[in-house]
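The report below goes through one structure by topic, beginning with its charged pairs and moving on to its nonpolar groupings and some single residues.

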Amino acid sequence: MNEANLMEVRGLSKAYRRYRSELQRVLGWFMSVSPLEETWVLRDVSFDLKHGEAVGIVGQNGAGKSTLLKMITGTQRPTCGDVVVSGRVAAILELGMGFNGDLTGRQNARHAAALFGMSPEEIDLIMPDVEAFAEIGDYFDQPMRVYSSGMQMRVAFAVATARRPDLLIVDEALSVGDAYFQHKSFDRIRQFQRQGSSLLIVSHDREAIMRLCDRVVLIDEGRMLSDGPPAQVMDYYNALIANRQGHDIEVQRLNDDVLQTSSGSGEARTLSVSLHDASSGRQLEDIAVGQEVELRLVIETHAALDELVVGYMIKDRLGQTIFGTNTWHTHQPLTDLSAGEKLDYRIRFTMNLGPGSYSLSTSLHSAATHLQNNYHWLDYALVFKVVNASEPFFIGTSWMPPRIECLRSASHACDEQDHGRDRTA
């Protein structure tokens with residue numbers, strides 16, 4: 001095993017087999033026996049996870065993600081392939097897995113900690129932290145059958161992270177529960193990452209994947225399709241979801257750092273995308289904070305369309321969504337279009353973004369989202385830079401200039417005047 005790697009997955013595959021009899025199943029453990037039926041849910045998945053690295057696993061429901069994590073954690077045996085992990089692993093897989101509804105939260109927490117390999121003395125030491133982090137009050141000593149799913153997740157996460165693991169594995173559990181505890185959980189995960197822990201996370205939450213992960217592995221129908229930078233893999237995954245009708249997905253390299261993904265039926269296409277100064281019409285590459293701009297899209301139809309919705313989305317340099325909308329939500333879809341029509345869209349807005357590099361994606365579809373009748377989705381349709389030319393210094397990706405007022409009590413105001421006189425005396 002490479003010393004730089006915390007985990008190596010090699011050729012991991014899983015098949016569920018049905019035999020003619022239980023005897024044949026048992027004989028299959030020792031010799032080659034042809035099953036009556038064989039269903040492969042995972043085929044030949046291989047990747048490495050380095051010390052301190054965070055890797056996301058994405059894919060549609062039924063792609064094989066949870067099966068992959070169960071084999072990595074050892075709760076399922078692979079049909080073939082190997083997993084090698086060097087270090088302590090903590091996993092939060094199916095919510096409530098291993099919990100007994102008749103036991104209290106405290107009793108379940110002690111049992112789960114023992115399964116993580118902690119001694120009774122270690123469990124005694126961590127229990128106050130588990131109770132404090134879970135923040136479920138008196139419920140901690142009540143039967144878990146009265147818990148909500150969010151409360152179960154709180155206990156599960158608190159136990160799994162009571163000691164910093166070398167590898168933390170999370171399977172969608174953090175999508176359950178309230179926003180406060182999700183933020184608290186992500187803060188602990190980031191703290192562990194800074195201290196050197198690795199992370200393997202399954203999530204449908206693009207923003208969580210973009211914030212936490214260094215790489216993303218895309219699984220589809222049991223096979224690994226991609227392993228690369230989060231923004232590029234998530235763009236490809238987005239196109240894959242939109243093209244369930246079987247349309248082609250095109251990926252081309254714009255430069256050394258950017259892969260552009262486009263997809264769709266081609267019944268309408270975006271021909272050009274540009275940003276202009278709203279007053280003069282001058283085309284822009286660098287845009288000032290707070291500048292009034294006009295986004296121009298030229299679109300051509302290649303087939304008769306019952307409905308056309310045009311959308312755009314702005315992402316930061318890490319691929320996180322800053323803003324997006326479309327003409328469905330602005331109540332401006334077009335209907336009854338003929339093939340060969342050319343449409344010129346002008347979209348005006350204020351560039352209320354902080355300094356930095358941004359990209360703009362466009363979408364042509366029907367109804368509310370591009371998941372229905374995706375005509376043309378284009379990532380990195382435009383890359384632009386925002387600069388702070390004249391505004392007071394600020395940080396962040398949003399420009400929200402404040403008006404600040406301070407009302408002080410009369411006593412403080414007098415003190416201030418007295419100090420002023422002292423300084424001028």
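With which residue does Arg 106 form a salt bridge, and how far apart are the closest N and O atoms? The partner is Asp 141, and the closest N and O atoms are 2.7 Å apart; as with everything that follows, this is read from a predicted model.

## Salt bridges between parts of the chain

A search of the whole structure finds 20 salt bridges. In the pair just named, Arg 106 belongs to helix α3 (residues 105-115) while Asp 141 sits in the loop between α4 (120-134) and α5, so the bridge ties together parts that are 35 residues apart in sequence. Arg 106 is partly exposed, because its relative accessible area is 25%, and Asp 141 is likewise classed as partly exposed, with a value of 44%.

A second bridge joins Arg 188 to Asp 129, where the closest N and O atoms are 3.7 Å apart. This pair links distant parts of the chain, since Arg 188 is in helix α6 (residues 179-194) and Asp 129 is in helix α4, 59 residues apart. Arg 188 counts as buried at 13% relative accessibility, because the limit for that class is under 20%, whereas Asp 129, at 32%, counts as partly exposed.

## A bridge within one helix, and a network

Helix α6 also holds both members of another pair, Arg 190 and Asp 187, which lie three residues apart, about one turn of the helix. Their side chains meet in a salt bridge with an N to O distance of 2.9 Å. Both are partly exposed: Arg 190 has a relative accessible area of 26%, and Asp 187 has one of 43%. Elsewhere, salt bridges that share partners join Glu 294, Arg 296, Asp 344, Arg 346 and Arg 348 into one network.

## Nonpolar cores and a surface patch

The largest nonpolar core has 48 residues, and Val 155 and Leu 199 are the ones with the most contacts inside it. Helix α5 (residues 149-160) gives the most to this core, contributing eight residues. Apart from this core lies another, of 33 residues, which includes Leu 305, Met 351, Leu 382 and Phe 384. As for Leu 199, its contacts beyond four places in sequence include Leu 49, Val 55, Leu 167, Leu 168, Val 170, Ile 189 and Leu 212, with Glu 53 and Ala 54 also on the list.

On the surface, Leu 23, Leu 27, Phe 30 and Met 31 make a nonpolar patch of about 440 Å². One of these, Leu 27, lies in helix α1 (residues 22-27) and counts as partly exposed at 31% relative accessibility.

## Buried residues in and beside strands

Ala 268 lies in strand β12 (residues 268-277) and is buried, with a relative accessible area of 0%. Setting aside neighbours within four places in sequence, Ala 268 is in contact with Glu 300, Thr 301, His 302, Leu 305, Leu 308, Leu 364, Tyr 375 and His 376. By contrast with these contacts, the C-alpha atoms of Ala 268 and Ser 119, which are 149 residues apart along the chain, are separated by 63 Å.

Ser 361, in strand β19 (residues 356-365), is also buried, with a relative accessible area of 1%. Its side chain and that of Asp 379 are joined by a polar contact of 2.9 Å. Beyond its sequence neighbours within four places, Ser 361 touches Gly 311, Tyr 312, Met 313 and Lys 315, as well as Trp 377, Leu 378, Asp 379 and Tyr 380. Thr 327 occupies the loop between β16 (321-326) and β17 (334-337), where it is buried at 8% relative accessible area; its contacts outside four places in sequence are Leu 308, Val 309, Val 310, Gln 332, Pro 333 and Tyr 345.

## The start of the chain

Met 1 belongs to the segment before β1 (5-18) and counts as partly exposed, at 47% relative accessibility. Residues up to four places away in sequence aside, Met 1 touches Leu 6, Met 7, Glu 8, Val 84 and Ser 86. The C-alpha atoms of Met 1 and Ser 86 are 9.1 Å apart in space, although 85 residues separate the two in sequence.

Technical notes. Residues are numbered from 1 along each chain as its sequence is written. This is a predicted model: local features need pLDDT of at least 70, side-chain atom pairs count only at pLDDT 80 or more; totals for chains, interfaces and linings use all residues. Side-chain values use heavy atoms; hydrogens and water are left out. Helices (H or I, at least four residues) and strands (E, at least two) are DSSP runs, numbered from the N terminus. Buried means under 20% relative accessible area, exposed over 50%, partly exposed in between (1.4 Å probe, protein chains only). Contact means heavy atoms within 4.5 Å. A polar contact is a pair of N or O atoms within 3.5 Å; within protein, one must be able to donate a hydrogen and the other to accept it, and residues adjacent in sequence count only if both atoms are side-chain atoms. Patches are made of residues with over 30% relative accessible area and no salt bridge: like charges are joined within 9 Å, nonpolar side chains (Val, Leu, Ile, Met, Phe, Trp, Tyr) within 5 Å. Accessible areas come from the Shrake-Rupley method with a 1.4 Å probe; for residues, only the protein chains shown count as cover. A salt bridge is a side-chain nitrogen of Lys or Arg within 4 Å of a carboxyl oxygen of Asp or Glu. A nonpolar core is a set of buried Ala, Val, Leu, Ile, Met, Phe, Trp, Tyr and Cys residues joined through side-chain atoms within 4.5 Å.
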